[in-house]
Amino acid sequence: MMSQNYLENNLTPPGHHAKIAIIGGGSLHCAGFIQNLIQHPNTLRGCQITLMDIDEERLNLAYTLAKKLLQQASIDIQIEKTTSQEEAIEDASFVLITFRTGGLRARVIDEKLPLRHNLIGQDTVGAGGFFYALRTAPVIAGIAAEIEKLAPKAFLLNYTSPSNIVTEAISHSSGIRVIGMEDHPYPETERILRCADLNAGSKKHIHPRKIGLSHGNWTTAIWCDGEDILPEAIQWYEDFSQNNPEMTAENYPSILLARLATHYRAIPSYYMHYYYYPEIVLEYQHQRTHTPTEELIARLPQLIEAYKSEAFKSYPDVSQISNFPGDLGLSSRALSVMRSILDDTGEEWVLNVPNNGSINFLADDRVVELPCRVDARGATPLTQKDGGLSIDQRGLIAALAEYEGATARVALWGNRKEAIKALAANPLVWSYSKAEKVYDDLAAAHKQYLPQRLLK
């Protein structure tokens with residue numbers, strides 16, 4: 001097995017000739033991907049990247065900037081562009097999917113409309129996340145069908161949220177190899193390691209035992225050079241909580257997550273505070289004047305102007321486009337996963353894959369988020385049994401998993417009645433009457449992006 005990946009040391013790996021297709025390559029996501037390539041120039045040496053987007057103006061902009069940056073850095077990567085999905089996918093080794101059906105305006109609806117029904121407004125979980133999945137899964141299933149015809153050996157790397165549901169929909173509708181991933185699979189864990197000064201130098205020595213789903217999981221151990229340092233991380237939470245910080249609209253998620261960590265002696269994923277403290281979250285959401293996405297939309301013109309300005313320079317400065325929001329950029333994880341597959345390294349990454357018995361209280365065909373061994377075969381989940389979770393923790397995750405499984409099926413094949421049943425099973429809804437009302441409101445708002453079968 002080769003040593004920890006080239007991204008950290010910029011060693012020169014053997015060259016490859018893989019084709020990487022990025023569907024949605026004209027979006028700002030591409031900027032983050034190119035930035036990571038600049039920082040790790042040898043990762044995909046000898047490969048071809050094909051940007052595909054239906055928005056030709058944005059595609060040309062992304063292509064121009066990417067080509068100049070790669071040439072300026074003397075990186076041996078061929079960059080191509082196309083508006084044809086079929087052309088991008090044909091003979092690809094990897095297909096990266098990173099787009100949002102309905103754009104940011106649809107995301108605002110997901111954040112705002114559920115609040116009218118006194119339900120949490122969020123674009124990834126709850127009723128908003130449910131409709132994000134309904135809009136997106138059928139589109140990506142169509143892309144998966146194209147991959148099956150044009151590049152049957154390719155890996156589909158899905159960055160589109162809600163990752164668990166979308167990845168499960170693909171795994172049920174297609175025989176291709178699919179891996180779901182998040183920009184930051186354990187941001188809360190990494191944040192606490194920094195705060196508690198437990199980074200222990202290189203990240204390559206940190207192995208978190210993360211158990212659950214993409215947006216609902218716990219870290220029940222953190223191995224560093226063979227030692228579990230989770231107790232020291234939990235102690236940081238206890239010290240933080242004992243200082244009794246005043247709860248505000250800005251810090252309430254951190255305070256609620258600290259409470260959960262001290263109660264359960266494990267690190268919750270960020271989204272867990274929605275499930276355990278919904279009444280507090282609702283109180284703050286009702287008070288806000290703008291949603292997070294509305295704030296992002298207000299910033300976009302300035303960000304896009306910076307993007308355009310650099311694209312038209314002879315020598316773009318990548319540092320001038322380094323302040324894009326985190327969810328607008330593909331993380332270096334995609335590069336790491338591709339390199340692990342191409343070089344058959346067997347490295348460990350936290351990813352979203354079918355369970356296949358790895359977590360013993362979830363069905364085999366549920367998509368889960370957990371540590372995986374990544375090599376030329378793809379991502380193989382590492383057996384976790386119950387992952388050290390108590391029966392009550394397992395209960396919530398099991399309920400979420402079955403809701404996500406039902407949603408994946410409804411998104412692909414269901415009708416309105418079946419969709420309402422699936423939404424009623426969401427732990428942030430758990431009411432048929434509420435599910436029916438919010439479903440009809442959101443379906444009307446998003447009807448242009450939904451299959452007709454979900455509207456009747």
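Tutor: A salt bridge is a side-chain nitrogen of Lys or Arg within 4 Å of a carboxyl oxygen of Asp or Glu. In this predicted model, the structure holds 20 salt bridges.

Student: What makes K313 and E310 a salt bridge?

Tutor: Their closest N and O atoms are 2.8 Å apart. The cut-off is within 4 Å, so the pair qualifies.

Student: How do you know whether K313 and E310 are buried or exposed?

Tutor: Buried means under 20% relative accessible area and exposed over 50%, with partly exposed in between. E310 has 4%, so E310 is buried. K313 has 36%, so K313 counts as partly exposed.

Student: Why is the contact of R394 with D386 called a salt bridge?

Tutor: The N to O distance is 3.8 Å, and the limit is within 4 Å, so the name applies. At 22%, R394 is partly exposed, and D386, at 29%, is partly exposed too. Elsewhere, salt bridges that share partners join E168, D365, R366, E402 and R409 into one network.

Student: Within that network, what makes R366 and D365 a salt bridge?

Tutor: The closest N and O atoms of R366 and D365 are 3.5 Å apart, so the pair meets the condition of within 4 Å. R366 is buried at 5%, while D365, at 31%, counts as partly exposed.

Student: How do you know how far helix α6 reaches against its expected span?

Tutor: Helix α6 covers residues 126-150 and has 25 residues. From first C-alpha to last, α6 reaches 35 Å, close to the 36 Å expected. A kink of about 30 degrees lies at T136, shortly before the proline P138.

Student: Why is α6 called largely enclosed by the rest of the structure?

Tutor: Of its 25 residues, 18 are buried, so the description fits α6.

Student: Why is the ring pair of F131 and Y439 called tilted?

Tutor: A search of the whole structure finds 14 aromatic pairs. For F131 and Y439, the ring centres are 5.0 Å apart and the planes stand at 45 degrees, so the pair is tilted. Rings pair if their centres lie within 6.5 Å; planes under 30 degrees apart would count as stacked, and over 60 as edge-to-face. F131 belongs to helix α6 and Y439 to helix α17, 308 residues apart. Both residues are buried. Ring pairs link F130, F131, Y403 and Y439 into a cluster.

Student: How do you know that Q393 in helix α15 is buried?

Tutor: The relative accessible area of Q393 is 4%, and buried means under 20%, so the term holds. Q393 touches W218, Y264 and Y276, not counting residues up to four places away in sequence. A polar atom of the Q393 side chain also lies 2.9 Å from the backbone nitrogen of S390.

Student: What is the phi of N244, and where is this residue?

Tutor: Phi of N244 is near 50 degrees, a positive value in a residue other than glycine. Most residues other than glycine have a negative phi. N244 is found in the loop between α9 and α10. At 65%, N244 counts as exposed.

Notes. Residues numbered from 1 in each chain as written. Predicted model: local features only at pLDDT ≥ 70, side-chain atom pairs only at ≥ 80, totals over all residues. Heavy atoms only, no water. Helix = DSSP H or I, 4+ residues; strand = E, 2+ residues; numbered from the N terminus. Expected span 1.5 Å × (residues − 1). Bend = angle between axes of the 7 residues up to and from the residue. Buried < 20%, exposed > 50% of the residue type's maximum accessible area, 1.4 Å probe, protein only. Polar contact = N/O pair within 3.5 Å; in protein donor to acceptor, adjacent residues only side chain to side chain. Contact = heavy atoms within 4.5 Å. Phe/Tyr/Trp six-rings, centres within 6.5 Å; stacked < 30°, edge-to-face > 60°.
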